[in-house]
Amino acid sequence: MTESLVGHSVSTGLKQDLKQEELFPIREVSRMTGINPVTLRAWERRYGLIQPTRTESGHRLYSQADIEEVRSILGWIERGVAVSKVGKILAKTQAARIQPAAPEIDNSLGEQGEWQEQVRQAAGAFDERRLEQIYGQVFSSYPLTVVFQDILMPIWRELLLNQDRFGQMSEWLFLDTFLRARTLQRQQLSSGLTDRKVVLAGVPGECRELELWVAGLMLSNDDFNIQVLAVGQPLEELTLVCGKVRPVVVVLFTNHPPTLDLPRRLKRLSLALDCPLVLAGEGADLAQESLEGTPVACIGSEGRSMQRRLRQFIEGHLDT
């Protein structure tokens with residue numbers, strides 16, 4: 001683990017904060033994220049995307065949350081979003097994820113960061129036995145939503161975004177293969193006894209297989225069965241699938257910003273289906289405003305709220 005930087009020039013108030021949180025200098029953040037210091041400074045000065053802590057001498061110190069923000073920015077840029085528009089997207093997604101309910105667990109970001117580091121090291125060593133041990137330990141300590149949202153998937157995305165660096169693609173493939181196998185197993189075990197089915201499909205080209213399966217786990221509930229369709233499922237053939245499966249609702253999953261024609265496409269699809277249509281994922285957070293007034297509901301991307309909103313939507317639809 002990188003040693004915490006608590007310099008003598010840091011102000012008294014900042015020193016108290018550092019007792020609870022590890023901070024990193026810009027060169028270390030650059031090493032961890034693959035983004036050079038010049039770009040990090042530009043994102044801060046020109047676009048206001050990151051606001052690191054400053055020492056009295058002016059040196060930047062980044063928290064773990066800042067580092068995750070950097071990776072999130074990079075993720076949106078990789079999806080084709082201009083850096084000048086990323087700030088608005090981040091603001092929308094963060095606002096959509098704010099939940100009034102108390103968190104299910106009482107853990108610090110530092111503890112989750114330590115688990116992330118262990119996952120990172122196991123993937124870097126291609127040590128499946130060690131990764132299996134960590135996987136079991138985190139599931140014995142945290143709810144499923146926390147395990148995937150806050151521990152496993154951030155490392156998966158980090159390796160994916162840095163795959164142009166030597167060795168990162170191999171590490172990502174190793175971790176992706178491991179997680180897909182375990183996620184599929186959990187998905188099969190989570191199937192309930194009810195006849196009510198929910199069809200989950202990814203918008204073509206807007207999510208990867210693991211992201212779709214994790215979404216399926218997040219949505220799993222004893223009140224209905226989640227049937228996850230293969231990545232690449234043509235949207236125009238969902239009417240055929242649903243005519244055979246007869247789900248109570250179809251959930252489309254996307255992690256990409258909405259295209260201009262998305263409301264029109266989804267409205268047309270919803271009219272062709274014999275059941276309601278719901279949009280989930282980070283793209284749903286961004287598309288909610290543009291889909292107002294259409295039959296399509298948005299349930300967001302945060303695990304606990306996503307499941308709750310889907311259940312409420314289904315219950316409301318069945319009551320009508």
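In this predicted model, V250 of strand β6 has L277 as its bridge partner in β7, and this contact belongs to a set of four bridges by which β6 and strand β7 (residues 277-280) are joined in a parallel arrangement. Strand β4 (residues 197-202) also pairs with β6 in the parallel sense, here over five bridges, and within that pairing A201 is matched with L252 of β6. Together with helix α12 (residues 262-272), the strands β6 and β7 make up a right-handed β-α-β unit.

Strand β6 (residues 249-253) is mostly covered, five of its five residues being buried. The side chains of V249, V251 and F253 point one way from the strand, whereas V250 and L252 point the other way, and all of them are buried.

The aromatic residues form a second topic, with five aromatic pairs found in a search of the whole structure. In one of them, the ring centres of W156 and W172 are 5.8 Å apart and the planes stand at 45°, so the pair counts as tilted, since this angle is neither under 30 degrees nor over 60. The pair links distant parts of the chain, with W156 in helix α8 (residues 144-161) and W172 in helix α9 (residues 168-189), 16 residues apart. Both residues count as buried, as the table sets out.

| Residue | Relative accessible area | Class |
|---|---|---|
| W156 | 1% | buried |
| W172 | 7% | buried |

Elsewhere, Y135, F139, F148 and F178 form one aromatic cluster; over the face of F139 lies R186, at 3.5 Å from the ring centre.

How values were computed:
Residues numbered from 1 in each chain as written. Predicted model: local features only at pLDDT ≥ 70, side-chain atom pairs only at ≥ 80, totals over all residues. Heavy atoms only, no water. Phe/Tyr/Trp six-rings, centres within 6.5 Å; stacked < 30°, edge-to-face > 60°. Helix = DSSP H or I, 4+ residues; strand = E, 2+ residues; numbered from the N terminus. Buried < 20%, exposed > 50% of the residue type's maximum accessible area, 1.4 Å probe, protein only. Lys NZ or Arg CZ within 6 Å of the ring centre and 35° of its normal. Pairing = 2+ DSSP bridges. Right-handed = clockwise from strand over helix to strand, strands pointing away.
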